[in-house]
Amino acid sequence: MNLRAYRRFLTVTRQFLPLLLAYARDRNRFLLFGRSRTVSPEERRRRAATLLDSLLTLGPTFIKLGQLLSTRPDILPPEYIDEFTKLQDEVPPADWAEAEGVVEAELGAVEDVFTTFDTESISGASLGQVYYAETEAGPVAVKVRRPGVEDLVEADLRVIRWSLPLVMRFVGQARSFSLETLADEFAKTIRQEMDYEREARMLGEIRENFGDDPRIRIPTVDDERSTGRVLTMEYVEGTKISSVSELDELGVDRTQIAETLQRVYLQMIVEDGVFHADPHPGNLAVQEDGTLVFYDFGMSGYVEPYVQDRIIDFYVAVANQDTDAILDALVEMGTLSPEADREVMGEVMELAIADARGEDIEQYRVQQIIQQVEDTIYEFPLRLPSNLALVLRVATVVEGVCVTLDPEFDFISVATDYLRDQGYLEAGIRQFFEDRADELNQAAQSTIRTPPKLEQTLDRIERDDLRVNADIEDSDDLLQTLAKRLVYGMVFSAGIVSTAVLYAFSTVESAGVAAGGTVLVAGLLYWSFRDKSGIRAQPQFTRQSMRERDEMGGEGSAVGEIDLGEGFGEAVVQGATDEENPGTGDVETSESDGRST
């Protein structure tokens with residue numbers, strides 16, 4: 001395993017080294033020193049395309065990593081996010097002989113287990129591929145783990161872990177935090193996706209939670225024909241949720257489907273605590289009667305009760321448009337630094353709420369807020385703990401799907417109605433009054449306790465017995481920086497004097513040595529006065545800007561599909577008709593399929 005990991009490390013380094021050097025030159029034109037470089041959006045998009053090609057070249061693990069990165073605006077600029085949403089599992093299916101070996105090792109001879117079995121895969125992806133088969137109970141979809149993928153993934157995970165310290169040298173502190181959580185989350189997620197027994201358990205648990213909901217259809221698992229490497233499920237047909245024209249032909253209400261989708265995910269996260277974490281269009285379909293079908297539960301997770309409570313607080317605050325409560329909830333969840341500028345972040349939240357409501361946002365307003373952020377903080381204070389990463393992925397991808405169905409979809413209105421129906425808004429109001437009553441009680445007690453303490457303090461002042469101990473908090477190392485500059489300045493001044501004296505009274509060589517040392521110190525002094533890089537923020541695509549870009553026919557129209565092929569969603573919808581490219585599923589884009597931040 002280690003030998004394979006070392007070979008993969010060399011391969012990965014060869015693919016990524018040119019880009020890493022380019023990023024290093026962005027910070028220092030001459031790698032170790034020099035001014036930073038300004039990178040245009042066109043250059044970032046070109047680099048994103050190059051990185052995308054590298055991920056595809058490196059194979060399954062890195063394709064999955066790119067798909068996960070496509071939902072992480074806390075790590076990548078918008079040009080990379082936009083490019084990575086095009087990333088598909090474009091991996092040719094393994095030979096049937098290899099897949100057959102997996103099926104027979106897990107279940108026995110194929111002809112003994114299944115009535116019929118189509119050896120042409122209807123969906124091929126990086127970790128598994130899906131086949132159509134039939135049993136005495138009816139048609140099924142058989143998901144088979146790709147032969148040999150386990151060893152490759154484990155080797156690649158070691159490479160990613162080894163490479164992380166190097167990559168973190170090229171990013172700021174906030175993104176370093178996000179990268180560390182991303183690496184941990186990715187290793188956990190990809191191992192879980194390869195465990196089909198876990199997928200069957202998660203599917204069954206979520207299916208049970210929606211057993212009485214006629215709006216939802218989740219396939220059943222054939223337990224007798226399922227193991228850790230083979231998963232046999234009910235074959236459920238439907239129209240891919242992003243096929244807007246086909247949905248219109250069916251006569252279904254697309255806005256109602258979007259509302260159902262959001263309410264389902266709110267129930268999963270807020271109430272049930274277990275959720276399907278991969279809601280891209282390839283894993284969602286709609287039947288003729290408007291029933292919403294879910295496929296592929298390989299990526300799924302649990303929400304801790306504490307996080308559920310904080311998410312509820314967040315949604316209630318959003319429903320009430322209480323920016324202070326929103327920021328408090330984000331701080332308690334660990335996604336916002338307590339030291340963040342609340343005034344600026346409050347304006348950011350107001351803009352995000354307006355965009356979630358589908359309101360038009362003046363572009364100068366976006367630029368104004370971004371400028372405020374750059375002027376008031378060195379690093380963007382948003383970060384993403386690992387226990388919230390999948391939740392963010394769900395929120396991001398579901399938003400893209402809902403906007404595909406209805407470009408004017410109002411997320412906040414639907415969430416507010418859901419919270420009201422479940423009684424969370426009323427509970428929040430009661431909690432508000434209880435908190436205010438507690439604060440009033442504490443204020444009354446403080447009013448009683450303060451006069452005696454004030455009198456004691458005045459007595460000590462009168463006796464000259466009052467001492468004040470002050471601890472200077474220097475989290476940004478400002479005092480250390482100031483001291484460093486003073487030392488450099490004094491050494492620089494001394495160097496100038498020494499160089500002049502040596503030049504006048506000694507040899508040119510000795511003066512040259514002194515001059516060289518003086519120049520070096522001058523460089524260090526100059527470097528210490530350089531401004532920190534800041535967040536170099538660029539406005540992410542709001543829903544309004546996405547519409548404007550689509551109307552103008554600009555390049556890079558939003559694409560909402562991230563992981564077509566890992567489940568059998570697109571196989572059910574597209575596999576039977578995709579004659580030109582069987583097994584991969586075709587890639588559909590929608591003119592309004594976008595994401596707002």
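A residue counts as buried here when its relative accessible area is under 20%. Keep that cut-off in mind as you click through this predicted model.

**Stop 1: G59**

Select G59, in the loop between α2 (41-58) and α3 (60-69). Is this glycine buried or exposed? Its relative accessibility is 10%, so G59 counts as buried. Now add V153 to the selection. These two residues are 94 apart along the chain, yet their C-alpha atoms are separated by 9.6 Å.

**Stop 2: the whole chain**

Zoom out and switch to cartoon view. You should find 22 helices and eleven strands. Of the 597 residues in the chain, 48% are buried. Turn on the surface if you like: the accessible area comes to about 30200 Å², and carbon and sulfur atoms account for 53% of that. How much of the contact network joins residues at least 24 apart? Taking contacts between residues at least 6 apart in sequence, the share is 72%.

**Stop 3: strand β3 and its partners**

Next, select residues 128-135, which make up strand β3. Six of its eight residues are buried, so the strand is largely enclosed by the rest of the structure. Add residues 138-145, strand β4, and you will see the two strands run antiparallel, joined by eight bridges. A hairpin of two residues links β3 to β4. For a landmark in this pairing, show G128, which stands opposite R145 in β4.

Then bring in β1, residues 116-117. β1 also pairs with β3 in the antiparallel sense, here over two bridges. Look for F117, whose bridge partner in β3 is A133. If you show the side chains, one rule helps: in a regular strand they alternate between the two faces of the sheet.

**Stop 4: helix α9**

Move on to residues 196-209, helix α9. From its first C-alpha to its last, this 14-residue helix reaches 20 Å, close to the 20 Å expected at 1.5 Å a residue. At its start, find D195: a side-chain oxygen of this residue reaches to within 3.2 Å of the backbone nitrogen of E197.

Which residues of α9 are buried? Colour Y196, R198, E199, A200, M202, L203 and I206 to see them. As you look down the axis, remember that an α-helix has 3.6 residues a turn, so residues three or four places apart point the same way.

**Stop 5: an open sheet**

Now for a four-stranded open sheet, in the order β5-β10-β9-β7, with mixed pairing. Its edge strands are β5 (216-217) and β7 (239-240), each pairing on one side only. Select β9, residues 284-286, together with β7: the two pair in the antiparallel sense over two bridges. Within that pair, T239 has V286 in β9 as its bridge partner.

**Stop 6: the nonpolar cores**

Finish inside. The largest nonpolar core has 64 residues, and those with the most contacts inside it are I241, L261, M268, F275, L292, F294 and I311. Helix α16 (residues 386-405) gives the most to this core, with nine residues. Apart from this core lies another, of 31 residues; to find it, select L52, I81, I160 and A187, which are among its members.

Go back to L292 for a close-up. What is L292 in contact with, leaving aside its neighbours within four places in sequence? Show R215, I216, R217, I241, I257, T260, L261, A285 and V286 around it. You have already met V286, the bridge partner of T239.

Terms used: Residues numbered from 1 in each chain as written. Predicted model: local features only at pLDDT ≥ 70, side-chain atom pairs only at ≥ 80, totals over all residues. Heavy atoms only, no water. Buried < 20%, exposed > 50% of the residue type's maximum accessible area, 1.4 Å probe, protein only. Pairing = 2+ DSSP bridges. Contact = heavy atoms within 4.5 Å. Areas by Shrake-Rupley, 256 points an atom, 1.4 Å probe, with all protein chains shown as cover. Expected span 1.5 Å × (residues − 1). Polar contact = N/O pair within 3.5 Å; in protein donor to acceptor, adjacent residues only side chain to side chain. Core = buried A, V, L, I, M, F, W, Y, C linked by side-chain atoms within 4.5 Å.
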